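User: Hi! I have a structure open and would like to talk it through with you. Could you take a look?

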Amino acid sequence: MNTGPDGKRNIAEKGNSTGKSSVEDLFEEDPGFEVLKQVITKNTGFNCNQYKESHFRRRINVRVRATNSGSYAEYLKVLKKDPEEYRHLIEALTVNVSEFFRNPETYRIIEEEILPSVIKSKSEAMIKSIRIWSAGCASGEEAYSFAILLHEILNKDFDKYRISIIGTDIDTLSLEKARKGIYNESVMKNVDTSTRELYFTKKGEKYQISEQLKKIAHFKQHDLISGSGMSHFDIIICRNVMIYFKKEIQEHLHINFYRALNTGGYFIIGKAETLLGTANNLFKPYNTRERLYIKGTSGDIHGTGNKESK
Ligand SMILES: C[S@@+](CC[C@H](N)C(=O)[O-])C[C@H]1O[C@@H](n2cnc3c(N)ncnc32)[C@H](O)[C@@H]1O
């Protein structure tokens, strides 16, 4: 089956030999598209212009089809009649696929090099706080993966640190799942048996993350594009989120992430993503194959420097 990077079914596959169905062609010409975008933004605050047009159309067409609408104008009528449809629409627009220790090779470097280096520099500077931001955290798997690694590394010193792993996402349904911390087997394939036994409680077919790890993971709604600035992070991980955004928005966000990091902090992006624009000169590559970057002391741009957190 033909699927997108999100793992969801690509609706273009339903089409003819050109890869598009006639309905899809019709949608492309549909003048209601711009009106629909404006109405969505007005009623939900969701910035439709952040996404690459092809991605946005593909995702919105999922709901247009699901509601048997023949055009964007018809879909608008559905939205007007049934405000609950907005919830389904936002869920379709945001791709929420994630899993624990996604791309295990990246996590191996995080575990063996990055976290030990952060902890070492903290202990040398007598600083007891560690701040990590999982931006676009979906249901929290990424945030809890960091929590597990930190607990494994710090062991009996775990409680001596003030650890904050902040997971942010635009999608409230995903955040509710993150706060509950209950997961299906499907997202656990990279979690070995001993880790499952140590950090999860089996609840029927599901796995519940331990209370001790829940205490250090905080989830809040935040739109990366219009949301307020964040700061003082030792590590920022933003993977498989910006890939759907237009290039200029990606560039802007890379700078925002640079600003939000402490000097010496690490920036981690998805394996299919690249640093764009000014950020390319600002971040120092740490491991380019795994898309790991560091905020060095030199090459700073005016006004972007952050003081180390206490
Ligand atoms: C594919 S998931 C990535 C999850 C995780 N980072 C990973 O790599 O496994 C993308 C997430 O980005 C979120 N997202 C999309 N647009 C966003 C925005 N403007 N601000 C914050 N989060 C956003 C979606 O809701 C979704 O949960």
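User: Let's start with a pairing: what is the bridge partner of Arg-131 in β2?
Analyst: Happy to help! Arg-131 has Ser-164 as its bridge partner in β2. Keep in mind as we go that this is a predicted model.

User: Noted. How many bridges join β1 to β2, and do they run parallel or antiparallel?
Analyst: There are 7 bridges between β1 and β2 (residues 162-169), and the two strands run parallel.

User: And how many residues of β1 are buried?
Analyst: In β1, which spans residues 129-135, 6 of the 7 residues are buried, so the strand is mostly covered. For the whole chain of 310 residues, the buried share is 34%.

User: What is the strand order in the sheet that holds β1?
Analyst: The order is β6-β2-β1-β7-β8-β10-β9, an open sheet of 7 strands with mixed pairing. Because β6 (217-221) and β9 (283-287) each have a single partner strand, they stand at the edges, and one side of each has no neighbour in the sheet. On average, neighbouring strands of this sheet are turned by 20° against each other, ignoring direction.

User: How do β8 and β10 pair?
Analyst: β8 (residues 261-269) and β10 (residues 292-295) pair in the antiparallel sense, over 3 bridges. Phe-267 stands opposite Tyr-293 of β10.

User: Which strands does helix α6 lie across?
Analyst: Helix α6 (residues 104-124) lies across β1, β7, β8, β9 and β10, and runs at about 155° to β7 (233-238). Helix α8 (residues 172-180) also packs on the sheet, where it touches β2 and β6. The direction of α8 makes about 165° with that of β6.

User: Switching to helix pairs: at what angle do α3 and α5 pack?
Analyst: Their angle is about 145°, and the axes of α3 (residues 53-66) and α5 (residues 85-93) are 8 Å apart. The crossing of α3 past α5 is right-handed.

User: Which residues make that contact?
Analyst: From α3 it is Arg-59, Ile-60, Val-62 and Arg-63, and from α5 it is His-88, Leu-89, Ala-92 and Leu-93. By class, that contact has 5 nonpolar, 1 polar and 2 charged residues.

User: Now the ligand. How many residues surround it, and which are the closest?
Analyst: 22 residues surround the ligand, and the closest are Thr-94, Ser-98, Gly-136, Ala-138 and Leu-224. The shell has 8 nonpolar, 7 polar and 7 charged residues.

User: I'm also curious about Met-188. Where is its place?
Analyst: Met-188 is in the loop between β3 and α9 (193-199). Not counting residues up to four places away in sequence, Met-188 touches Phe-100, Tyr-183 and Tyr-207.

User: Why does Met-188 count as partly exposed?
Analyst: Because Met-188 has 18 C-beta neighbours inside 10 Å, and a residue counts as buried from 20 and as exposed at 12 or fewer.

User: What about Tyr-183, what stands opposite it in β5?
Analyst: That is Tyr-207. β3 and β5 (residues 206-209) are joined by 2 bridges and run antiparallel. They belong to an open sheet of 3 strands in the order β3-β5-β4, with antiparallel pairing. β3 (182-183) and β4 (200-203) are at its edges, each with a single partner strand, so one side of each is left without a neighbour in the sheet.

User: Last one: how many helices and strands does the chain have?
Analyst: The chain has 12 helices and 10 strands.

Key: Residues numbered from 1 in each chain as written. Predicted model: local features only at pLDDT ≥ 70, side-chain atom pairs only at ≥ 80, totals over all residues. Axes fitted to C-alpha atoms, helices over the stretch in contact; angles between N-to-C directions. Helix = DSSP H or I, 4+ residues; strand = E, 2+ residues; numbered from the N terminus. Left-handed = near helix turned anticlockwise from the far one by under 90°. Contact = placed C-beta atoms within 7 Å. Nonpolar A, V, L, I, M, F, W, Y, C, P; charged D, E, K, R; others polar. Near = placed C-beta within 6 Å. Pairing = 2+ DSSP bridges.
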